[in-house]
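The following report looks at selected local features of one structure, taken in turn.

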Amino acid sequence: MRVAIIGSGPAGFYAAEALLRRTDVKVDVDVFDRLPTPYGLVRGGVAPDHQKIKSVARVFAATAARPSFRFLGNVRLGGDVTVEDLRRHYHQIVYATGNEADRRLGIPGEGIERCTPASVFVGWYNGHPDYRRARIDLSVRRVAVVGNGNVAVDVARILLRSRAELERTDIAAHALEALRESRVEEVFLLGRRGPEQAAFTPGELKELGHLEDADPVVDPAALEGCGPGEPGGNLELLRSFAARPLRPGRKRLHLRFLVSPTAILADADAGGGVAALELERNRLERRPDGSVVARGTGEKERLEVGLVFPAVGYAADPIPGVPHDAKARLIANRDGRVVDPATGQAVPGEYVVGWARTGPQGLIGEHKRASAQVVAHMIADGTGLDARALPPREAIDGLLRERGVKLVSFQDWKQLDDVEVARGARRGAPRDKIVDVDAMLAILAPAQ
Ligand SMILES: Cc1cc2nc3c(=O)[nH]c(=O)nc-3n(C[C@H](O)[C@H](O)[C@H](O)COP(=O)(O)OP(=O)(O)OC[C@H]3O[C@@H](n4cnc5c(N)ncnc54)[C@H](O)[C@@H]3O)c2cc1C
Ligand SMILES: NC(=O)c1ccc[n+]([C@@H]2O[C@H](COP(=O)([O-])OP(=O)(O)OC[C@H]3O[C@@H](n4cnc5c(N)ncnc54)[C@H](OP(=O)(O)O)[C@@H]3O)[C@@H](O)[C@H]2O)c1
């Protein structure tokens with residue numbers, strides 16, 4: 001059986017691994033990615049100061065070393081290759097395209113200068129080619145990060161890390177330079193619900209108490225009325241932050257709860273960029289189903305900040321030819337089987353894994369089991385499909401080359417990897433990323 005997997009993030013790689021481990025069927029797996037570099041958010045999302053998590057790339061590289069695996073980088077589904085092409089060249093297709101768009105706050109002023117989705121800031125500091133030219137103005141002293149998830153925590157932490165802390169990471173060189181010159185002194189992390197409902201995890205929260213050059217600030221009043229919480233959990237950590245003396249002269253990370261931005265206010269004198277946030281205080285309301293929601297009280301305040309990063313979640317944009325669930329903003333599916341959103345009918349031979357299937361929830365490791373489950377469906381459904389005659393395996397490469405696509409193989413990626421690691425060694429970092437697709441292709445040009 002021949003399978004195309006579109007997207008080389010954790011979900012795509014774990015699906016490839018599950019397929020290649022089968023002993024009952026021989027599967028040839030071609031993994032495509034729109035970037036010349038593999039690993040999705042492991043490279044472009046996971047924070048540069050979280051190197052340990054990135055070591056999962058070694059597991060993926062071991063999958064890539066299997067003889068019937070191929071990586072076809074620099075190929076975009078819906079641009080360079082179509083779903084129709086894939087149907088002709090493969091027995092089955094797995095979409096593993098993640099969630100690359102961001103969710104919006106939907107309030108007045110969103111989108112003005114210096115109000116930037118967290119996804120852009122994250123892509124910028126991680127050297128994602130799409131965001132290498134993003135304008136991130138760090139000349140302001142106060143910044144708001146909206147949201148109480150782990151992405152919001154990542155953003156706040158990177159803004160407050162010292163130069164020395166950042167230098168030893170694989171942060172993109174342009175971001176390192178800009179953050180070295182940063183004037184940011186105070187960051188406000190804004191949760192619309194209370195401390196008990198925060199989505200960030202204790203491991204990530206705890207790190208905020210160990211920053212070289214910044215202290216977390218929690219108003220003890222914000223924790224009044226909260227239960228005891230788990231040992232080592234968010235509440236215990238927040239209480240320890242609230243009780244801690246602040247080190248003089250350090251930067252500050254204010255963790256605020258029960259506030260929602262209702263407008264982003266522009267500064268007419270400073271070119272119309274962000275001058276402040278209008279915040280509304282919230283109270284919590286328990287719904288009959290047990291969920292707890294934030295309700296505005298009408299009480300407003302103004303928070304002076306010069307830069308705002310909404311970090312309120314990701315979503316999938318539609319890909320031409322791929323059935324899209326417009327409401328949930330993911331690929332229409334039932335349990336990983338792609339369906340026509342209008343009729344609910346399964347689209348034979350097409351599957352979806354990872355964030356493209358579920359929306360933006362869950363950690364890297366969780367994709368291993370989830371992708372394997374979808375592979376089990378594929379094998380169960382696949383009987384007979386593999387009998388369909390296909391063009392030779394390399395015919396897709398020829399088709400893409402005819403279209404002017406410069407294919408990047410896993411071997412090519414390893415060459416880029418070596419260059420990045422060697423460049424990084426010069427600054428004592430794990431790697432110094434190449435952030436420009438043309439520059440990557442230029443390095444590979446002699447081989448292509
Ligand atoms: C900022 C951030 C930090 C995170 N940090 C952690 C962490 O520290 N630890 C942890 O466990 N989890 C972390 N996560 C969660 C983790 O990254 C996700 O669970 C996981 O990456 C989702 O895997 P995926 O394969 O579905 O998508 P992705 O990793 O997003 O991979 C999708 C891939 O598809 C490719 N693609 C998209 N569209 C196309 C197309 N049209 N054609 C071809 N290719 C395409 C993309 O280039 C990408 O390589 C983080 C998430 C974010 C957003
Ligand atoms: N280090 C790590 O392990 C790490 C790092 C980054 C990401 N991740 C994972 O990646 C996934 C995505 O992370 P994420 O932070 O993007 O998503 P998330 O965990 O879903 O958090 C989103 C946050 O945004 C808030 N929010 C949503 N809409 C809002 C609005 N209109 N106004 C104000 N706040 C709003 C949510 O509040 P409500 O709860 O009230 O909806 C929530 O606090 C998570 O599973 C996360 O754990 C892990």
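## Pro-108 and its surroundings

In this predicted model, Pro-108 touches Thr-262, Ala-263 and Ile-264, when residues up to four places away in sequence are not counted. Pro-108 belongs to the loop that runs between strand S5 (101–102) and helix H6 (118–125).

With a relative accessible area of 54%, Pro-108 is classed as exposed, because that class takes in values over 50%. Between Pro-108 and Ala-315 the C-alpha to C-alpha distance is 21 Å, while the two are 207 residues apart in sequence.

## Surroundings of ligand 1

Around ligand 1 there are 31 residues, of which Asp-33, Trp-355, Gly-362, Ile-364 and His-367 come nearest. For Trp-355, a backbone N or O atom lies 2.8 Å from an oxygen atom of the ligand.

Backbone atoms of two further residues can be described in a similar way: a polar backbone atom of Leu-41 is 2.9 Å from an oxygen atom of ligand 1, and a backbone N or O atom of Ala-11 lies 3.0 Å from an oxygen atom of ligand 1.

## The second largest pocket

The second largest pocket has a volume of about 350 Å³. It is lined by 17 residues, and those closest to its centre are Tyr-39, Lys-54, Ala-57, Asp-417 and Arg-431. Two or more lining residues are given by each of helix H2 (41–44), helix H3 (51–54), helix H4 (57–64) and helix H15 (410–425).

Helix H15 provides the largest share of this lining, with four residues. Sorted by class, the lining of the second largest pocket consists of eight charged, seven nonpolar and two polar residues.

Conventions:
Residues numbered from 1 in each chain as written. Chains lettered and ligands numbered in written order. Predicted model: local features only at pLDDT ≥ 70, side-chain atom pairs only at ≥ 80, totals over all residues. Heavy atoms only, no water. 1 Å grid on protein atoms, 1.4 Å probe; cavity = no way out; pocket = protein on both sides within 12 Å on 5 of 7 lines; lining within 4 Å. Points joined across faces, edges and corners; volume = space filled by probe spheres on them. Nonpolar A, V, L, I, M, F, W, Y, C, P; charged D, E, K, R; others polar. Buried < 20%, exposed > 50% of the residue type's maximum accessible area, 1.4 Å probe, protein only. Contact = heavy atoms within 4.5 Å. Near = heavy atom within 4 Å. Polar contact = N/O pair within 3.5 Å; in protein donor to acceptor, adjacent residues only side chain to side chain.
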